[in-house]
Amino acid sequence: MSYKAFAVDLLTDEGFEQFVQQIDKLKDSNSKEAYLFLQQYADKAEELSVDNRLVFYRYLADTYSEQAQYQQSKEIADKALLLAKNLSSPSIVSAELNYTRGFAVENLGEFDSAITNYQNGLEIAESLNDKKNIATGLINLGAIYYLTQKFDRSLIVFNQALNIAIPLKDNELLGYIYSELGILYEYMYEEEKAMAFYLKSYEYFQQAGKNFNAYNSLRNIAINHVRHRRYEEAIKINKEIVEHEKEIGNIEIMASAYMGLAWSYLKKKESNPEAAYEYLKISEQYSSQGEQYKIEVSFGINKAYLLYEMKKYNEVLETLSLIEPLLQDKKMHKAAIINVLFLKSSIYYEQEQYEKAYHLQNEYFKLGTELRESSNYEAVEDLRMRYESEQADIKKQLLDQQQSLQTIRLKESEYQEENRNIILAFSAIVVLIIGWFLLRIIRGQQRLVFLSQTDGLTGVVNRRRLIELSDFFFYQAKKAKIEFSVLMIDVDDFKLINDTYGHKVGDKVLTKVAQIGAATMRSTDEFGRFGGEEFIALLPETGLEQAKNIAERLRKSINEHEIWRNLIKGNVAVSIGVSCVDLDVHKNADDLIKSADILLYKAKNQGKNQVCY
Ligand SMILES: Nc1nc2c(ncn2[C@@H]2O[C@H](COP(=O)(O)OP(=O)(O)OP(=O)(O)O)[C@@H](O)[C@H]2O)c(=O)[nH]1
């Protein structure tokens with residue numbers, strides 16, 4: 001359907017209901033056409049009654065938002081909210097206008113103002129006991145919370161929304177909640193759960209006939225694929241998306257589809273930087289059409305990363321200089337700033353401007369730690385478990401109320417199969433723009449290992465990094481119930497080596513031990529210097545038995561190495577303590593390291609040059 005096919009005299013109080021129905025249809029099929037259609041009537045709205053005028057303005061503000069014209073959306077919503085003050089009793093359209101305004105300012109980076117609007121809207125909806133709008137307000141609040149890293153609050157309000165939406169059986173609402181839960185789980189590094197929620201939201205939007213939203217859910221699925229580095233698949237899907245441009249009619253999705261293509265072409269096995277650059281340019285054209293703060297920042301960061309990968313360092317700095325003012329003015333979440341710091345410090349490092357690189361890198365780590373601490377993943381984990389079991393209970397109750405559980409399950413599985421086929425047929429996804437921030441942080445942290453956390457003498461990772469990594473592996477082991485072992489390694493009679501051959505030789509011995517240690521490890525392990533003549537090996541996804549074998553192999557490689565002949569008389573030996581995570585005994589990574597240390601001293605006491613576990 002085209003907006004031109006609409007009759008022009010539709011916007012009257014008498015025909016208003018019909019007008020709204022038509023607009024709803026048009027919005028579902030093509031948001032750009034709905035936007036163009038409403039534009040034609042903007043002047044005519046003055047002739048409507050106050051009630052109808054408010055509804056018209058809400059639609060107008062909504063379509064502005066859908067076209068990423070947030071400033072206009074905000075202005076229209078402000079005008080309408082002023083008008084709403086004249087109403088004799090509160091109307092639900094005031095709640096909706098608050099949500100619309102909140103969404104606009106959220107995308108302009110004004111988070112506090114957005115929270116106020118969402119809370120105002122929620123209050124009105126509650127006073128009118130309008131369940132759907134209460135749920136909508138909760139969804140909006142939940143999204144702001146995860147954007148500002150308050151994951152626990154976000155989880156709470158999404159679950160409140162879910163508890164309202166499930167009995168209402170409102171597919172559109174459920175689509176929104178699952179989509180938001182998907183993003184939240186993505187922020188919490190729960191990739192599989194995120195994917196499951198996106199799929200659910202896709203299914204609900206499909207059932208609700210919400211075309212644009214369904215595409216948006218598919219776009220969110222994309223980030224999941226990209227995180228797993230399935231670039232070929234991402235290319236196929238992004239190409240599908242760009243082919244459906246007319247149907248989708250949204251510049252944000254287009255900008256991110258082309259950005260997704262650019263990344264995939266650059267990072268895939270047979271990298272194609274030229275194609276990547278071309279796609280980057282197309283993406284730039286789309287993103288420049290919108291004034292969306294999120295697009296501007298995200299696009300800029302993505303562009304900078306791509307240029308960095310292409311080693312176009314001056315262009316990277318130029319791009320970053322355009323983003324930085326946006327970050328200073330507005331309260332965007334810290335992830336964006338972290339990315340800018342990382343990129344700048346990496347470039348200064350490449351350009352051998354070490355002092356600048358070091359300075360920025362310190363800021364990067366400080367902010368990274370703050371971000372991690374403020375996120376408080378463990379507390380969220382407990383909440384998550386509670387809510388997931390609660391949801392499972394609610395679902396069971398609902399099913400119990402209907403026919404026999406057996407038939408329903410059968411129907412469900414048929415339905416899921418059908419949906420899976422639809423998804424496979426589409427296989428269309430685009431990158432979720434905010435999600436890129438997260439992806440970039442992970443990469444950033446990996447790269448900076450080489451810049452800062454290396455032991456100056458031996459070249460292996462230093463104590464600080466070992467502690468960070470052990471915390472991370474321990475958290476993973478606890479969360480996903482996978483094993484994690486630690487080897488504590490100490491050079492035997494090292495004082496004697498120092499005293500006999502001097503400190504220089506002592507240093508060489510330490511360097512060689514580090515080199516042999518690092519070379520003996522698997523690619524997933526980390527070998528580093530803990531201090532003095534002590535080393536640690538971190539072995540993620542490794543049980544005690546396997547860790548013992550690795551420790552023994554390491555002890556032998558060091559003790560039997562030929563290199564010692566050139567340095568000292570006899571061979572260098574090490575003692576090793578081996579400990580594997582036992583959640584009944586170890587509360588954190590520090591406990592685990594202490595266990596390994598105790599076993600190391602047992603090995604020393606039993607005669608050195610041996611492994612104890
Ligand atoms: N050359 C050199 N020596 C170091 C370095 N760091 C610590 N040391 C020395 O390592 C020696 C460690 O000695 P001890 O703790 O007595 O241990 P040990 O002689 O290895 O004895 P056991 O551990 O019982 O086998 C000390 O003399 C330290 O001064 C370093 O970076 N370079």
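In this predicted model, helix 14 passes helix 15 in a left-handed crossing. The two helices, spanning residues 251-267 and residues 273-289 respectively, pack with their axes 8 Å apart and at an angle of about 165 degrees. Because angles over 145 degrees count as roughly antiparallel, helix 14 is roughly antiparallel to helix 15.

Helix 14 also packs against helix 12, which covers residues 231-243. Here the axes are 9 Å apart, and the angle is about 150 degrees. That value makes helix 12 roughly antiparallel to helix 14. The crossing of helix 12 and helix 14 is left-handed. Helix 14 is thus described by two packing relations, one with helix 15 at about 165 degrees and one with helix 12 at about 150 degrees.

A further helix pair is formed by helix 25 and helix 26, the latter comprising residues 544-559. Their axes come within 10 Å and cross at roughly 140 degrees. Angles over 145 degrees would count as roughly antiparallel, and this range is not reached, so helix 25 and helix 26 are oblique to each other. Helix 25 passes helix 26 in a right-handed crossing.

Helix 25 leads on to the ligand. The shell around the ligand draws its largest share, four residues, from this helix. In total, 16 residues surround the ligand, and the closest are Asp493, Phe494, Lys495, Asp507 and Arg529. By class, the shell comprises nine charged, four polar and three nonpolar residues.

Several polar contacts can be located at the level of individual atoms. At aspartate 493, a polar backbone atom is 2.8 Å from an oxygen atom of the ligand. Phenylalanine 494 likewise contributes through its backbone, with an N or O atom lying 2.7 Å from an oxygen atom of the ligand. In arginine 529 the contact involves the side chain, where an N or O atom is 2.8 Å from a ligand oxygen atom. The ligand on its own has 670 Å² of accessible area, of which the protein covers 66%. The elements giving two or more residues to the shell are strand 1 (484-491), helix 24 (494-501) and helix 25 (503-520).

Conventions: Residues are numbered from 1 along each chain as its sequence is written. This is a predicted model: local features need pLDDT of at least 70, side-chain atom pairs count only at pLDDT 80 or more; totals for chains, interfaces and linings use all residues. Side-chain values use heavy atoms; hydrogens and water are left out. A residue is near a molecule or strand if one of its heavy atoms lies within 4 Å of it. A polar contact is a pair of N or O atoms within 3.5 Å; within protein, one must be able to donate a hydrogen and the other to accept it, and residues adjacent in sequence count only if both atoms are side-chain atoms. Accessible areas come from the Shrake-Rupley method with a 1.4 Å probe; for residues, only the protein chains shown count as cover. Ala, Val, Leu, Ile, Met, Phe, Trp, Tyr, Cys and Pro count as nonpolar, Asp, Glu, Lys and Arg as charged, and the others, Gly among them, as polar. Axes are lines fitted to C-alpha atoms, for helices over the stretch in contact, and angles run from 0 to 180 degrees between N-to-C directions. Angles under 35 degrees count as roughly parallel, over 145 as roughly antiparallel, 65 to 115 as roughly perpendicular and the rest as oblique. A crossing is left-handed if the near helix is turned anticlockwise from the far one by less than a right angle, and right-handed if clockwise.
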